[in-house]
Amino acid sequence: MERLIALVVFICSGLLLIRLAPGAIRSWRIYAGTGQRRQEDAAGRTPIQPVGIRDRVALLAPLGYQRLGETRLVLPVGERFGWIVAAADAESYAILVDAPATGGLTGIYSAWHDGTWLATLHPRGQPSDRQGLQVRIVATTLADAVGVHRSGLERIKQVHGAPRPIRTMADMLALDADYRTRFGGSRVRPITMRIVVPTLLVAVITILSLVLLITTH
């Protein structure tokens with residue numbers, strides 16, 4: 001009976017491990033290089049602007065955000081592009097990424113010379129309120145996200161002064177590198193662990209059931 005149970009557990013956990021392992025490996029590879037990975041200026045190399053990006057650019061234009069440029073980021077899973085718009089007052093910029101399955105993601109960012117960062121993500125993400133980094137999630141409208149970000153900007157400016165200006169792609173890329181150096185790995189870690197830890201547990205169960213299967217007579 002013990003051998004039969006061990007066989008069933010081994011087969012089931014093995015099949016589950018086969019299903020989970022590729023995603024866990026992929027997530028770990030992305031996480032491992034986050035702090036060192038950098039966005040690059042992708043002017044002239046981006047694909048045609050997807051509909052979801054065009055719609056968000058159009059929504060942001062009357063709110064004071066205009067095209068700054070495009071970026072590319074080389075990940076272990078392939079090349080990813082971002083469309084960048086910057087506020088007319090140069091106090092914030094937004095990265096728009098395309099994700100047809102989930103509706104895309106927009107991140108609005110501002111940074112200060114002392115290392116303080118403010119980010120507002122729409123429509124989903126991981127909130128944070130830690131030393132040097134405040135991240136807010138706005139799930140309603142993009143206009144609401146801009147409003148929340150600007151409210152946060154005014155509040156932080158009272159303590160830290162004017163944020164670092166974003167007028168060119170060079171400004172944006174320098175800020176992106178600073179953000180990734182300071183917070184990149186820590187921001188991705190919780191998501192990565194939620195994927196990797198269950199896979200490791202399944203792997204342990206698979207190994208233990210195999211040992212039991214071999215040693216049971």
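Which side chain meets that of Lys-157 in a salt bridge? Select Lys-157 in this predicted model, and display the side chain of Glu-154 beside it, for these two meet in a salt bridge with an N to O distance of 3.3 Å. Both residues lie in helix H3, which covers residues 142–160, and they stand three residues apart, about one turn of the helix. With a relative accessibility of 24%, Lys-157 counts as partly exposed, and Glu-154, with a relative accessible area of 43%, is partly exposed as well.

Next, go to helix H4, where Arg-180 and Asp-176 are found four residues apart, again about one turn of the helix. Their side chains form a salt bridge of 2.9 Å, N to O. Here Arg-180 counts as buried at 14% relative accessibility, and Asp-176 is likewise buried, at 6%. Returning to Lys-157 and Glu-154, add Glu-91 to the selection, as salt bridges with shared partners join Glu-91, Glu-154 and Lys-157 into one network.

A further pair to select is Glu-70 and Arg-67, whose closest N and O atoms are 2.8 Å apart in a salt bridge. Glu-70 is buried, with a relative accessible area of 8%, whereas Arg-67 counts as exposed at 57% relative accessibility. The count of salt bridges in the model comes to six.

Now turn to the nonpolar interior. The largest nonpolar core has 18 residues, and those that touch the most other members are Leu-68, Ile-84, Tyr-93, Tyr-109, Trp-117, Ile-166 and Met-172. Colouring by element helps here: strands E3 (78–87), E4 (93–97), E5 (105–111), E6 (117–122) and E8 (133–137), together with helix H4 (169–215), each give two or more residues to this core. The largest share, five residues, comes from H4. Select Met-172 and show its surroundings, where, leaving aside neighbours within four places in sequence, the contacts are Gln-39, Leu-68, Thr-71, Ile-84, Tyr-93, Ile-95 and Ile-166. Apart from this core lies another, of 15 residues, including Ala-42, Leu-60, Ala-87 and Ala-94.

The last stop is Ser-92, in the loop between E3 and E4. Is Ser-92 buried or exposed? Its relative accessibility is 2%, so Ser-92 counts as buried, the limit for that class being under 20%. The side chain of Ser-92 makes a polar contact of 2.6 Å with the side chain of Tyr-65. Widen the selection around Ser-92 and, not counting residues up to four places away in sequence, the residues it touches include Ala-86, Ala-87, Ile-108, Tyr-109, His-149, Leu-153 and Ile-166.

Methods: Residues numbered from 1 in each chain as written. Predicted model: local features only at pLDDT ≥ 70, side-chain atom pairs only at ≥ 80, totals over all residues. Heavy atoms only, no water. Core = buried A, V, L, I, M, F, W, Y, C linked by side-chain atoms within 4.5 Å. Buried < 20%, exposed > 50% of the residue type's maximum accessible area, 1.4 Å probe, protein only. Contact = heavy atoms within 4.5 Å. Polar contact = N/O pair within 3.5 Å; in protein donor to acceptor, adjacent residues only side chain to side chain. Salt bridge = Lys/Arg side-chain N within 4 Å of Asp/Glu carboxyl O.
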